[in-house]
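The following exercises concern chain contacts, domain arrangement and sheet architecture. Please work through each task before reading its solution.

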Amino acid sequence: MSTDQLAGPDARSPMRAALARPGSRRSRRPRSLRARRTGAFYVFAGPWLLGFLAMTVFPLGYALWLSFTNSDGLSPNARFVGLSNYREVFTDPETLASLGRTGLFTVITVPLTIAAGLLLAVLLNQPIRARGVFRTLVYLPAVVPPVGSALVFKLIFDRDSGSANGLLDLFGVNGLSWLADPYARWVLITLTVWGCGNVMIISLAGLQDIPAELLDAARMDGASWWQSFTRITLPLLSPVLFFQLITQIIATLQSFLPLLISVDPTPKGVGAVPESNQLIMIDVFTQYFSNGRYGYASALLWVLFAFVMAVTFVVFKLSRGVVFYSVDPEQTQNKPRTIGDS
Amino acid sequence: MPVAPRSSLDRRRFLTASAGAAFTAAALPGCASSVDSGGGAKGAKETLTIMDVAWEKKDKQKAEQELGMNLNIVTYDVTKLNAMLAGNNPPDVVRGIGATDVPYFAARGLMADLDTYFAKSDVLKPSDLAAANDVWRYDSETRKQGTGPRYGMAKDYSQDCMFWYRTDMFEAAGLELPSDTEPLSCDEWLDLGKRLVKRRLGKVKVYGLSAGPVVAPLTTIMWMTASAGGSLFAEDLATVDFSSPEALKALQWYLDYAKADIGPSVVNPNPDGWDWPTYQANRMAMANDGYWFGGTIGGDAKIAEVSRFAPAPQLGSNRVSPCFGGTGYWVPKGAKNKDTAWKYFEWYFGGKLAQDRATTGWGIPSLKSLVPKMPQDTAFHKQSYEVQQRELPHFSVLPVSPYAQVDALNVVLTKVLPDAVKSGTAAGKIADALNSRINDQLARGKELVG
């Protein structure tokens, strides 16, 4: 008996035999490609995912559980209190006032920051001398740590020894209590807008992405600078501005460090933040670390989270028809492309 | 032909496994904490974990050499401490403020009773402990601070309601210097502040008086109430009463001080956060700080030459001069290396380091035997030493409530007082608001402590 006979009819056709055997090279090839892709997914996504689960999902879940208790983190008699912390959030006039102040602060600072950043980006996109130096200088405040900026502002605006009142003094004008109400809010807004370098850099990148031919063509057609800016530049820049609007809203609703501009950043010091600057994160910090009300503070955080989500959703809805994409996001969304797609 | 089972992990399984791994990873430190590591391998050095302000590398190396142990210094952070305590994995030694930390932590059963260690020690004998160490005592039966087991020890202390003043500014204003022996009344003190203040175009160029810690007016009001013969806290420490005649008088004094705008207050905080920079810059005539402040003044010969120390002013006839600090160390109940922690205590509080500390003037030594080492070599040091010695008999522990952290109560004051000062609200109405808000806090705390 020949070996061929022993092996059966397929053995005479190596190709067919290879296809028939599950572990053969030929049959593995398509799976191998898929396995490689899957492997790449796990390798790249794995560390982030583990971090996300351990550092975000777990703490969030823990905070959610805490929000249904009266825990202070240390006492032995903490107990489940149901929704009472959430009820308190929505009935406590101080919390509601701080939420209101947070909303007002966001409504004022976000448009101002984006407008200031855009204005600077437009100016620094002009062909001027030492443009790089100016760009660096304007961006510099954005890289100063928030605590550093707050300290500098504290020194500038101190009533008795600050340079702002020193300047007024030169003109014989009475000094103001900048870091107390009613001026503290405006100093905080100035501090926030002062850090508009990030917006400027992203807007500048967006401006440089606008094809020069479009602007040249408009100019040749007799469009003024303003017409070109409002009809070409702004629409093409709108996805960039929208991205910044969303990220700025989320960041501003969670503002914390700049609020410590006039106080000692400790549990007892935070209580001395002027009333107009007592935004929701000050309330959260005070409840956690001064009052030791872990349960209530966790409920506050979850309410803030829901508030941020709701605001973001509303802004997304309102943006339809205002933001112009050169590629329709709906189409690209339905057909994802991954590595290896042909 | 049967399809071979998929050998590779699909995404859904991966996500499930990752979640499991993450939760396991998060739980691991908790499990690890329940395993007593002891002193490590035989012959290996012990490691003591201390939560403290940052140490310089050379200080740490020197301490390790002298103690024959490894030190793991964890920078003090109250949130981290709470997390470690809650996870039953606390440091072995924790820095703390005796006057305000002890009731809160001891009532929650988080501090180790050190009485047996003190009883056995040849270095830290109870008979040698200064009275200020009583701020580290807490009686869990009566829930009172100042008596009961010792839960820690002060490295040094001050009677925090005394004050320093600038003789040059008094002379320039044509004012008589305060007595070294007789305390001023609080009204006289405020009046002096008003006379010493210098203003220009709405700004205070020279503060007449800096009274009490700006972000912690509670202790100022507690002290003045006690001086007037009352007590801010009720007997069981579960409520406050700002409406009592004594407390109301103290509150009124603070409101008058803040309204007078003669120094940093809750309405106009000092940007430096403490008095020294302003005092040194010739912009403060009187600073309400204890003996420790002399450590900074003593470092500047020019300022020392024109500075003097004075007894704590009194609001009433009951002379009290409390300590609201007593910074030192304590050992958590769940600490794994208590014996090693005590070795550190003896080295830090009773060894050469303590002797050196006593000579600096940065506080009154917490051991009576070290008091003669306090600096007395210059006229400045001699005057402050003598005033301090005369003040010691008036030391008292003013207990704070175990049902809330003092910071939490101060936050209520710093929220309520600025508006009240600006609007000119009557002290009685402010007292009612403070009673309501603070008593709510204390009630919540009492429910938790049981």
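Three exercises on this predicted model follow, each with a worked solution.

**Exercise 1. The side of chain B that touches chain A**

Task: Determine how many residues of each chain are in contact, and which element of chain B gives the most to this side.

Solution. Begin with the counts: the contact involves 43 residues of chain B and 44 residues of chain A. Two residues enter this count if their C-beta atoms, placed from the backbone, lie within 7 Å. Next, assign the residues of chain B to elements. At least two residues each come from helix H1 (11-33), helix H3 (78-86), strand S10 (203-206), helix H16 (406-423) and helix H17 (427-449) of chain B. H1(B) gives the most, with eight residues. Finally, sort this side of chain B by class: 24 residues are nonpolar, 13 polar and six charged.

**Exercise 2. The two domains of chain B**

Task: State the bounds of the domains of chain B and describe the side of domain 1 that touches domain 2.

Solution. First, the bounds: domain 1 of chain B comprises 47-158 + 324-394, and domain 2 of chain B comprises 163-321 + 405-449. Their C-alpha centres are 27 Å apart. Second, the contact between them draws 24 residues from domain 1 of chain B and 25 residues from domain 2 of chain B. Third, consider the domain 1 side. Helix H4 (98-107) and helix H15 (379-391) of chain B are the elements that give two or more residues to it, and H15(B) gives the most, with nine residues. The classes on this side are eight nonpolar, 11 polar and five charged residues.

**Exercise 3. A sheet of chain B and its helices**

Task: Establish the strand order of the five-stranded open sheet of chain B, explain why one side of each edge strand lacks a neighbour, and place H4(B) and H13(B) against the strands.

Solution. The order is S2-S1-S3-S13-S6 (chain B), and the pairing is mixed. Strand S2 (70-75) and strand S6 (152-154) of chain B are at the edges; each has a single partner strand, so one of its sides is left without a neighbour in the sheet. On average, neighbouring strands are turned by 25 degrees against each other, direction ignored.

Now examine one pair. Strand S3 (residues 93-97) and strand S13 (residues 327-330) of chain B run antiparallel and are joined by four bridges. Within this pair, Arg95(B) has Tyr329(B) in S13(B) as its bridge partner.

Lastly, add the helices. H4(B) packs on the sheet and touches S3, S6 and S13 of chain B, its direction making about 115 degrees with that of S3(B). Helix H13 (residues 338-350) of chain B lies across strand S1 (47-52), S3, S6 and S13 of chain B, at about 60 degrees to S1(B).

How values were computed: Residues numbered from 1 in each chain as written. Chains lettered and ligands numbered in written order. Predicted model: local features only at pLDDT ≥ 70, side-chain atom pairs only at ≥ 80, totals over all residues. Nonpolar A, V, L, I, M, F, W, Y, C, P; charged D, E, K, R; others polar. Domains from an automatic or database assignment. Pairing = 2+ DSSP bridges. Axes fitted to C-alpha atoms, helices over the stretch in contact; angles between N-to-C directions.
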